[in-house]
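Subject: Structure handover and notes

Dear colleague,

I am passing on the structure that we talked about, and I would be glad if you could open it beside this message. My notes on what was found in it follow below.

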Amino acid sequence: MSRNSMDLIIPAQHDARAVVTGASDGIGLGIAARLAAAGTEVVMPVRNRQKGAAAIETIRRSVPDARVSLRDLDLASLDSVATLGAALASEETPINILIANAGVMTPPERRTTSDGFELQFGANHLGHFALVGHLLPLLVAGKARVVSQISVAAQHGTTNWNDLQWERSYDGMGAYRQSKIAFGLFGLELERRSRREGWGITSALSHPGVAPSNLLSAQPELGRSAQTTGRRVIGALARRGILVGTAETAGLPALFAATSPDAVGGGFYGPSGFGHLGGAPGPQKLYPPLRDDDAAARIWRISEELTGVRIDASAASGD
């Protein structure tokens, strides 16, 4: 077993294969490193191969025998998601863990994916939805734990059902909240359908609390030339150990959901400190926007329509 910060124990998993999105830096890199240290084979789908290679070097400095590898993935492109799904399917190796961690946050102006979806809804939710659909036979074969990484932002806000793509009036934070609410509803609906259909997949939600991640850093490709004021404040608090978490501790809830024998399907895990902003991982009360089963079924149907990817019994069997 691997024991790390805050006494989280990750069971040895030398026969397991994990896929972690957003693992080229920040919270995702920490998650991938911890899994690799426990003996897990970690597949890291990345948009930037150079950053991905640097991430693998970082992991191997602390885990020389790490079984880590890169694949190409742009969650803002359904073609790229389908290509990754086909590549992993061709390898015929069951997937035991999928941590859907990657995301984008609050571009100052409305941007779209290559398929025309509002960027945050498209990348944070629809891209991951399609990825699960393409990987479903491998997830079923591996009796996988699927962890959907959402955000504290999902505790407030609503789903803009009449304008899901924010074409009429763009609100960056409103669109971000919606993307994370939609993704959380999907994760919970995946658990319900897995139980009903006997897929053997365990689906849970996690959130990282508040930590100095790269979501609010300078990202010129999103129209953000410098890190936000909020990112500077969070970084200063994290360095002083005040209220918020660190990049390392922020990944613990997802790791808990993915590996702990105490984590359950349909569970929601996050930091257990003050305001759930930082601290050791533990169970959380489900946010009000995530408690509507009808909304979850509705977002599932809409996501199938928008992506053209069906997640059903035929997909589960690979037919």
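I begin with strand β9 (residues 268-271), which pairs with strand β8 in the parallel sense over 2 bridges; here two strands pair if DSSP finds at least two bridges between them, and helices (H or I, at least four residues) and strands (E, at least two) are DSSP runs, numbered from the N terminus. Within this pair, L205 has F268 of β9 as its bridge partner.

Before going further, please keep in mind that this is a predicted model, in which local features need pLDDT of at least 70 and side-chain atom pairs count only at pLDDT 80 or more, while totals for chains, interfaces and linings use all residues. Residues are numbered from 1 along each chain as its sequence is written, and side-chain values use heavy atoms, with hydrogens and water left out.

Strand β8 (residues 202-206) also pairs with β7, in parallel, through 5 bridges, and in this pairing Q149 is matched with S206 of β8. Between these two strands the chain passes through helix α5 (residues 172-197), and this β-α-β crossover is right-handed, a word that applies if, with the strands pointing away from the viewer, the path from the first strand over the helix to the second runs clockwise. Because 4 of the 5 residues of β8 are buried, the strand is largely enclosed by the rest of the structure; buried means under 20% relative accessible area, exposed over 50%, and partly exposed in between (1.4 Å probe, protein chains only).

A second parallel pair is formed by strand β4 (residues 41-46) and strand β5 (residues 68-72), which 5 bridges join, with P45 standing opposite R71 of β5. The chain goes from β4 to β5 by way of helix α2 (residues 49-62), and this β-α-β crossover is right-handed. E41 is found in β4, and at a relative accessible area of 19% E41 is buried. Apart from its neighbours within four places in sequence, E41 is in contact (heavy atoms within 4.5 Å) with A16, R17, A18 and R67. The C-alpha atoms of E41 and A66 are separated by 7.5 Å, although the two residues are 25 apart along the chain.

Where does Q13 sit, and which residues does Q13 contact? Q13 is in the loop between β2 (9-10) and β3 (17-20), and with 16% relative accessibility Q13 counts as buried. Leaving aside neighbours within four places in sequence, the contacts of Q13 are L35, A38, G39, T40, R67, I97 and T259. T259 is also one of the buried residues of helix α7, a helix (residues 252-259) that is mostly covered, since 8 of its 8 residues are buried.

Two loop residues deserve a look at their backbone angles. Most residues other than glycine have a negative phi. T106, however, has a positive phi of about 45° although it is not a glycine, and K143 likewise has a positive phi of about 45° without being a glycine. T106 lies in the loop between β6 (97-100) and α4, whereas K143 lies in the loop between α4 and β7 (145-149). Are these residues buried or exposed? T106 counts as buried at 18% relative accessibility, while K143 counts as exposed at 62%.

Turning to empty space, a search of the whole structure finds 1 cavity of 30 Å³ or more; on a 1 Å grid over the protein atoms alone, a cavity is a set of points where a 1.4 Å probe fits but cannot get out, and lining residues have an atom within 4 Å of a point. About 30 Å³ of space lies in the largest cavity, a volume being the space filled by probe spheres set on the points, which are joined across faces, edges and corners. Its lining includes L75, A76, T113, D115 and F117, and helix α4 (residues 119-141) gives the largest share of that lining, 3 residues.

For the chain as a whole, the secondary structure comes to 9 helices and 10 strands, and buried residues make up 57% of the 319 residues. Among contacts between residues at least 6 apart in sequence, 72% join residues at least 24 apart.

With best wishes

Terms used: On a 1 Å grid over the protein atoms alone, a cavity is a set of points where a 1.4 Å probe fits but cannot get out, and a pocket is an open set with protein on both sides within 12 Å along at least five of seven lines; lining residues have an atom within 4 Å of a point.
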